[in-house]
Amino acid sequence: MSNREASPFGIRDKMGYMLGDVANDFSFIFASTFVMVFYSKVMGISTGLIGTMFLVARCIDAFTDIGMGRIADRAKTGKNGKFRPWILRMCGPVAIASFLMYQSGLQGIPYGAKVAYMFVTYILWGSVFYTSINIPYGSMASVISQNPKDRSSLSVFRSMGGMFAGILISVVAPLVIYYKDAAGNQVVNSTNFTILAGIFSLCAILCYLLCYWLCTERVVLSDKKQVAEKQASILTTLKGIVSSRALLGVILSALLLLLASLMSQGLNNYLYADYFKNTKALSLSAMLQLPVMLILAAFSTKLAVKFGKRECGVVGMLVSGILYVVIGFLHVTQVWVYIGLVFVAMIGMTFFNMQCFALVTDVIDDKEVITGKRDDGTIYGIYSFSRKIGQALAGGMSGWALALIGYDELAVAQTEQVARGIYNISTFFPGVVYLLGAAVLFFIYPLSRKRVESNAAELKKRHNS
């Protein structure tokens, strides 16, 4: 390991890394939140089949995510770094593939053709192009700086980027894609759906280019060590990685976090449209995430440094889980009361979400301390795959749950029983999953504040010698 001669780590790197996740989420969050709405309400495809597609795509990701991680690890470090060049290469393909998923002009073609188009475009976007840019982007955090505090800051700024994009999408999209019919029901404007997808794709390309320009890779793996690590087979590498209790803990916690949060986001479209019958309130609910994010961003790194990322994450997930379960038992009927309660419940989850990417770099360091080897791309590939599993399960379980309670994709309005079922799933499910996430961090994930600091000191000693 060595440090590349470059300007010191600072706000330029933080802003660039933040914009990288803004770019990611212009397609990822939009898909996680609205792709099922598009396929079910515009294309008329059953929610159960959509859920099945999500799981098929994630099975493919098991190969593409880890494969892309190995490709990134084996790449030579050039003048622009090891991981940065991938952002420049793949920003166009991933944006185009995202846009192709939302083609409302195809809603009149035969049902079988629509299903085939859905499978092909979704897998092309998520399993191929998104993977090819997200894995190098996530791995880049470990080579921007070796300092744990810097990496914690990068995680915070990355999470802020994702939240900025998520808030923008959650606020703008409902106002653009929904309109109210004469009976007061919320109906989807299919043409606006396609136009908005195109705008988000263009914004993603711009943010990716800014990320490439603003970030600097400072940590370089020596050529001699790279050659030695390339000679190790992928099975040998994976065997050493998956035996890590730290990696198991971060995978399970990330999977549960994504499962709960993305299922909530996805079901919110149905909750506000069919239970509260007020999609404008959905936009306001998303806007209220902004003050939470800004407040936590100011204190997140300081709390993580003082008490530990793992320790704060346990408390945050525990609080969110308890509050969501309470909201479920209350059966709130007033939309503004519900928004206020959920606003409080999301605070704990948001804190952990801001630090979860820094946990990955801690896992990479822990592996190097134990084995003397670094596999940044491969480890991040496995972590990314776990997040996609969370996304797939969220989408799949959302579709299956809606089908189970009798949701009718073609009906303008749902029955009262179905609407109540949507409310129960939207509250009790994330509550239980967040509690499980807290348990995983406490009982399985071993990297406490003390151990992270010890690993950082040990690696600094080795690298200097």
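This passage describes the packing of three helix pairs and the internal cavities of a predicted model.

Residues are numbered from 1 along each chain as its sequence is written, and side-chain values use heavy atoms, with hydrogens and water left out. Because the model is predicted, local features need pLDDT of at least 70 and side-chain atom pairs count only at pLDDT 80 or more, while totals for chains, interfaces and linings use all residues.

Helices are DSSP runs (H or I, at least four residues) numbered from the N terminus. Axes are lines fitted to C-alpha atoms over the stretch in contact, and angles run from 0 to 180 degrees between N-to-C directions. Helix H1 (residues 11-42) and helix H2 (residues 47-74) have axes that come within 9 Å and cross at roughly 135°. That angle makes H1 oblique to H2 (outside the ranges under 35 degrees for roughly parallel, over 145 for roughly antiparallel and 65 to 115 for roughly perpendicular). H1 passes H2 in a right-handed crossing (the near helix is turned clockwise from the far one by less than a right angle; anticlockwise is left-handed). Contact (heavy atoms within 4.5 Å) involves Val 35, Met 36, Tyr 39 and Ser 40 of H1 and Thr 47, Ile 50, Met 53 and Phe 54 of H2. By class, this contact has 6 nonpolar, 2 polar and no charged residues (Ala, Val, Leu, Ile, Met, Phe, Trp, Tyr, Cys and Pro count as nonpolar, Asp, Glu, Lys and Arg as charged, and the others, Gly among them, as polar).

Helix H3 (residues 84-100) packs with helix H4 (residues 111-139) at an angle of about 155°, their axes being 9 Å apart. The two are therefore roughly antiparallel to each other, and their crossing is left-handed. Residues of H3 that meet H4 include Trp 86, Ile 87 and Met 90, with Tyr 117, Thr 121 and Trp 125 among those in H4. The contact has 15 nonpolar, 3 polar and no charged residues.

For helix H6 (residues 148-177) and helix H11 (residues 279-287), the axes come within 8 Å and cross at roughly 165°. H6 is thereby roughly antiparallel to H11. The contact of H6 with H11 has 7 nonpolar, 3 polar and 1 charged residues.

A search of the whole structure finds 7 cavities of 30 Å³ or more (on a 1 Å grid over the protein atoms alone, sets of points where a 1.4 Å probe fits but cannot get out). The largest cavity has a volume (the space filled by probe spheres set on the points) of about 750 Å³. Of its 45 lining residues (an atom within 4 Å of a point), Ile 29, Ser 261, Leu 262, Gln 265 and Asn 353 are the closest to its centre. The lining divides into 23 nonpolar, 17 polar and 5 charged residues.

How values were computed:
1 Å grid on protein atoms, 1.4 Å probe; cavity = no way out; pocket = protein on both sides within 12 Å on 5 of 7 lines; lining within 4 Å.
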